[in-house]
Amino acid sequence: MPDEPAATTDLTLPFPRDPSPGATSVASLRTLATITVVCAILYVAKDLFLPLALGMLIAFILTPVVNALRHHGLRDTVAVVLTVLSAATLVGAFVLILAFQISQIGSNLPQYQGNVLTKIDSLLDAGKDSRIISHLQGLVGRISDRLAAESAATGDAAMKVEVVEHTGLKDWLTGVILPAMTPVGIFGLIFVVAIFALLERGALRDRLVQLIGGTNILATSRLLAEAGARVSTYLFAQLVVNVIYAVPIWFGLWLIGVPNALFFGLVTLVMRFVPYIGSAISAILPLLMAFAVSPDWSLVLWTGALFLVVEFTTSNLIEPWFYGQRTGLSPLAVIVSAMFWTWLWGPVGLIMATPLTVCLVVVGHHVPSLRLFPIMLGDQPVLAESARLYDRLLAGHSFAFTEAATASTAQNYLADYYDRSAIPALALAQADHEAGLLSDYQTNRIAHSAWSLTEDLEAVVEDELASATKTPAEGAEAAPLVSNGVLDGLGRRIAVMGARTGLDDAAAQMLSQALRAEGAESRAVPHRSLMPRALGDLDPQTLVLVSLDASLPRSVDFQLRQLRRRLPGIRIGLALWPPEDGPLPEPASADFVARGMEAVLSAAFDLPSPTETAGQSPARPA
């Protein structure tokens, strides 16, 4: 259990990794089998594990309070006992108020039956032409007659009471005291677990470090600190947000005249711990009460409006401010985890679902054998942007190109998007096509989608040209060409040509756009074009041949020699975007060979390649 927040250094525990696919499959099956056995044990022994889990969860919530009291000079035992007793008192008071409110509602319900029947009659009259409605109307009529008859019989005749049997002490103990003591005992057990977990949090941490990390104490310490910080932050923020949500509901219901407003406020406070649907569930009871109390529909409308206003305000203003640190779970994972823990442990599991799943995801980030948890449940992308884009194109979602480009070019430069996402995605397609995994039809469809994308992004080229300057600002000489905001290509005339496939041609078109966004005159020509006729009136100073192949084919070297013979006096270069980095080839017929957008731009403009700051991403100026 964490005492202090720790740095977020990305360390992984030193578990052995077997690179063979067979061993990986066996390890995955072993992990799944272990998870299945653990789930079965948790389900069968839930009466044992549920109080333990609740006690540990309460200990997570109370750890920051204990640490604060410790910092103010209290001894550890005093701080723990005082904190847990205060929390137990608050929970006990909450339960007592809830029970009292429920008893009040039960005693007042008979007063509202007339309003309920009147509203139901009005609804049935509105749909009296329907056969189903007419049956319901008859049912309600029979219920009304029976209630009236019972009321008259009660008023006219005295009720005869006869004591058949005296209740003995043993029956009273077994029928009343013991059933009442069971939840009290569980309640006390949970807080006893919380007390000892807080008192021995240092020893528990040491045992977990030895159990999980072995000799890598630092990595395991990071794991425990991250899990504790995420869970504690989430639970505390959730509690504060729920209180902020429940207090206006309580006051608003009291103000508009809904009885037992305090009860509904407390129910709302608890139900808000249920992700996504808790607010809707908590609104049902107040709406039903408003429906029963008011002779007209005004109170129902006011109650619904109150919940809508409070929900809108909380979701859009309060929650984003309090949840500055995300839980690390995807929205779908929150729903799935809620369903799973509810099936496993019932309603209490529903409330505990998010904290428990957060712990699993954090552990999976550090323990390789449990990586399936962050992969399946985490909110971080598990594929690189280029791989994700290629996957969408394989599925036939050509609009993924345009959507990704629109999102990226809104913040980054066009050349940066082409360099990091679009062209590497085409390189992945090229590699699969060469391996025989991708048909000619699929390859041509992807190439066509890439060509369509470049047509859609012509407006971005014009915007970048309009916002760039012709002279570098002070200190801009060392900035990357892509992001320095300077038209480094002014006065250059550059032709770009695909090496040998339609995917190469699409990448050449993208490079040509990036060159034009830097101020150069550029034209892309297909790989089957006849030189120099295809160049038209460009009269290029440089020609760049674009290849997406991981290893340079002989045909590309032959093509370079052909271009050298047909275009004497022109600088000819080779631009590469292979999926994996490797040593650059050195074809004799090329004046330069470059890999990646920055190096290609520098070589094409015949400029010294600037040094890009490590970890810095080219971004558009605001």
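Helices (H or I, at least four residues) and strands (E, at least two) are DSSP runs, numbered from the N terminus. The model is predicted, so local features need pLDDT of at least 70 and side-chain atom pairs count only at pLDDT 80 or more, whereas totals for chains, interfaces and linings use all residues. Residues are numbered from 1 along each chain as its sequence is written, and side-chain values use heavy atoms, with hydrogens and water left out.

**Exercise 1. Place Ala 225 in the structure and state whether Ala 225 is buried or exposed.**

Step 1. Ala 225 belongs to helix 8, which covers residues 217-256, and this helix is one of the 21 helices that the protein has alongside five strands.

Step 2. Buried means under 20% relative accessible area, exposed over 50%, and partly exposed in between, with a 1.4 Å probe and protein chains only. Because the relative accessible area of Ala 225 is 3%, Ala 225 is buried.

Step 3. Arg 205 is 20 residues away from Ala 225 in sequence, and the two are 9.8 Å apart in space, C-alpha to C-alpha.

Step 4. In the whole protein, buried residues make up 40% of the 622 residues.

**Exercise 2. Work out in which order the five strands form the open sheet, and which helices pack on the sheet.**

Step 1. Two strands pair if DSSP finds at least two bridges between them. The five strands form an open sheet in the order 2-1-3-4-5, with parallel pairing. At its edges are strand 2 (521-525) and strand 5 (592-595), each of which pairs on one side only.

Step 2. Strand 1 (residues 493-498) pairs with strand 2 in the parallel sense over five bridges, and here Val 496 stands opposite Ala 524 in strand 2.

Step 3. Contact means heavy atoms within 4.5 Å, while axes are lines fitted to C-alpha atoms, for helices over the stretch in contact, and angles run from 0 to 180 degrees between N-to-C directions. Helix 19 (residues 502-517) packs on the sheet and touches strand 1, strand 2, strand 3 (542-547) and strand 4 (571-576), its direction making about 160° with that of strand 1. Helix 20 (residues 554-566) also packs on the sheet, where it touches strand 1, strand 3 and strand 4.

Step 4. Strand 3 and strand 4 pair in the parallel sense over six bridges, with Val 544 opposite Gly 573 in strand 4. Five of the six residues of strand 4 are buried, so strand 4 is largely enclosed by the rest of the structure.

**Exercise 3. Describe how helix 19 crosses helix 17 and helix 21.**

Step 1. Two packed helices are described by the angle between their axes and the distance between the axes.

Step 2. The axes of helix 17 (residues 440-456) and helix 19 come within 8 Å and cross at roughly 15°. Angles under 35 degrees count as roughly parallel, over 145 as roughly antiparallel, 65 to 115 as roughly perpendicular and the rest as oblique; helix 17 and helix 19 are therefore roughly parallel to each other.

Step 3. For helix 19 and helix 21 (residues 597-604), the axes come within 11 Å and cross at roughly 65°. In this contact Leu 511, Ala 514 and Leu 515 of helix 19 meet Met 597, Val 600, Leu 601 and Ala 604 of helix 21.
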